Amino acid sequence: MEVMSHSSAFLLPTIPADHRHPQTYYALVVLNQKLPRFTPLLWNHAQLHLCADGGANRVYDEMPLLFPHEDPSHVRTRYKPDVIKGDMDSIRKEVLDFYANLGTKILDESQDQDTTDLHKCVAYIRDFTPNLDKPNLCILVAGALGGRFDHTLGNLNVLLVFSSLRIILITDESLVRLLPRTHRHEIHIQSSVEGPHCGLIPFPLSKSTTTTGLQWDLTNTEMRFGGLISTSNVVKGEKITVESDADLIWTISVK
């Protein structure tokens with residue numbers, strides 16, 4: 001089985017050479033939740049920046065708060081999204097006009113009520129980079145957890161819908177990513193910025209999951225909702241391995 005490697009080196013000020021594939025392409029999607037404190041760092045690592053509808057309000061209102069000694073207008077101009085996409089039911093008119101005047105592409109998808117704004121943004125990124133090998137594409141999603149629970153579940157569903165893409169949901173407290181059953185996984189822990197608490201959640205059932213590098217490793221273990229799931233586990237080393245017959249959600253705490 002082919003090995004898929006994972007790293008959270010994008011949380012470091014500089015991505016080490018051994019974690020940077022020569023053609024890695026980061027895209028950042030900002031959702032309509034409180035901006036994580038390290039959003040400017042994610043923005044600087046990304047080559048493409050999208051706001052999902054009301055996420056533009058968050059960038060406009062909250063990004064200047066992360067730079068309290070700078071002129072807010074300068075901060076807003078510096079952190080201009082490339083694209084605002086969604087059903088446009090949350091973005092304020094003055095925010096829409098501000099970014100449109102700066103040249104941001106505005107994509108109104110109000111006719112599509114069958115997909116979430118995150119789904120719309122991920123589909124755009126996929127189609128925007130047709131010549132890029134998908135393993136070299138990493139989509140960082142800021143503000144994907146918290147708020148309304150149905151929104152959170154919808155964002156988790158996007159991981160499953162686009163299981164061939166690397167998508168990482170990010171808050172101040174946690175990182176969440178999908179580990180597709182099609183691969184054996186090596187997770188390289190950046191202990192200065194993440195851990196030690198972690199979890200593995202099956203969607204919906206795993207008859208056999210095996211791990212190494214956790215305080216409570218799994219050995220051909222069955223996991224399912226209504227039974228055992230591996231929450232409140234702890235990473236013990238710098239590399240975790242996971243192999244499963246099912247898609248798993250991996251989550252790890254952020255320091």
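Is Asp53 buried or exposed? In this predicted model, Asp53 counts as buried because its relative accessibility is 0%, and the cut-off for buried is under 20%. Asp53 sits in a loop. That loop runs between strand 3 (48–52) and helix 2 (55–62). The backbone of Asp53 is also notable for its phi, a positive value near 50° in a residue other than glycine.

A second non-glycine residue with positive phi is Asn220, at about 50°. Asn220 also belongs to a loop, here between strand 11 and strand 12 (221–224). Its relative accessibility is 54%, so Asn220 counts as exposed. The cut-off for exposed is over 50%.

Two cis peptide bonds were examined next. One joins Gly195 and Pro196, with omega about 5°. Pro196 lies within strand 10 (residues 194–202). Another cis bond joins Phe203 and Pro204, with omega about -5°. Pro204 falls in the loop between strand 10 and strand 11 (205–212).

An annotated region comes from the UniProt record. This unreviewed entry places the feature "domain: Thiamin pyrophosphokinase thiamin-binding" at residues 183–248. Over residues 183–248, the chain is 58% strand and 0% helix. The C-alpha atoms at the two ends of this stretch are 11 Å apart.

His6 lies in strand 1 (residues 3–7). With a relative accessibility of 3%, His6 counts as buried. The side chain of His6 makes a polar contact with the side chain of His185, at 2.8 Å. Leaving aside residues up to four places away in sequence, His6 touches a set of residues that includes Arg166, Arg177, Leu178 and Leu179. His6 also touches His185, Glu186, Ile187 and His188.

Aromatic rings were considered next. The count comes to eight aromatic pairs. One of them is formed by Trp43 and Tyr79. This pair is edge-to-face, with 5.6 Å from centre to centre and 85° between the planes. Trp43 lies in helix 1 (residues 39–45), and Tyr79 in the loop between helix 3 (72–78) and strand 4 (83–86). The pair therefore ties together parts that are 36 residues apart in sequence. Trp43 and Tyr79 are both buried.

Tyr79 also pairs with Phe67. The ring centres of Phe67 and Tyr79 are 5.6 Å apart. Their planes stand at 25°, so this pair is stacked. The cut-off for stacked is under 30 degrees. The pair links distant parts of the chain, twelve residues apart. Phe67 is in the loop between helix 2 and helix 3, whereas Tyr79 is in the loop between helix 3 and strand 4. Both residues, Phe67 and Tyr79, are buried. Together, Trp43, Phe67 and Tyr79 form one aromatic cluster.

Charged side chains also lie over aromatic rings. The charged end of Arg78 sits over the ring of Phe67, at 5.1 Å from its centre. Phe67 thus has two partners described here, Tyr79 in a stacked pair and Arg78 over its ring. Elsewhere, Arg76 lies over the face of Tyr60. The distance from Arg76 to the ring centre of Tyr60 is 4.0 Å.

Note on methods:
Residues numbered from 1 in each chain as written. Predicted model: local features only at pLDDT ≥ 70, side-chain atom pairs only at ≥ 80, totals over all residues. Heavy atoms only, no water. UniProt positions renumbered as here; feature names shortened; annotations may be inferred. Helix = DSSP H or I, 4+ residues; strand = E, 2+ residues; numbered from the N terminus. Buried < 20%, exposed > 50% of the residue type's maximum accessible area, 1.4 Å probe, protein only. Polar contact = N/O pair within 3.5 Å; in protein donor to acceptor, adjacent residues only side chain to side chain. Contact = heavy atoms within 4.5 Å. Phe/Tyr/Trp six-rings, centres within 6.5 Å; stacked < 30°, edge-to-face > 60°. Lys NZ or Arg CZ within 6 Å of the ring centre and 35° of its normal.
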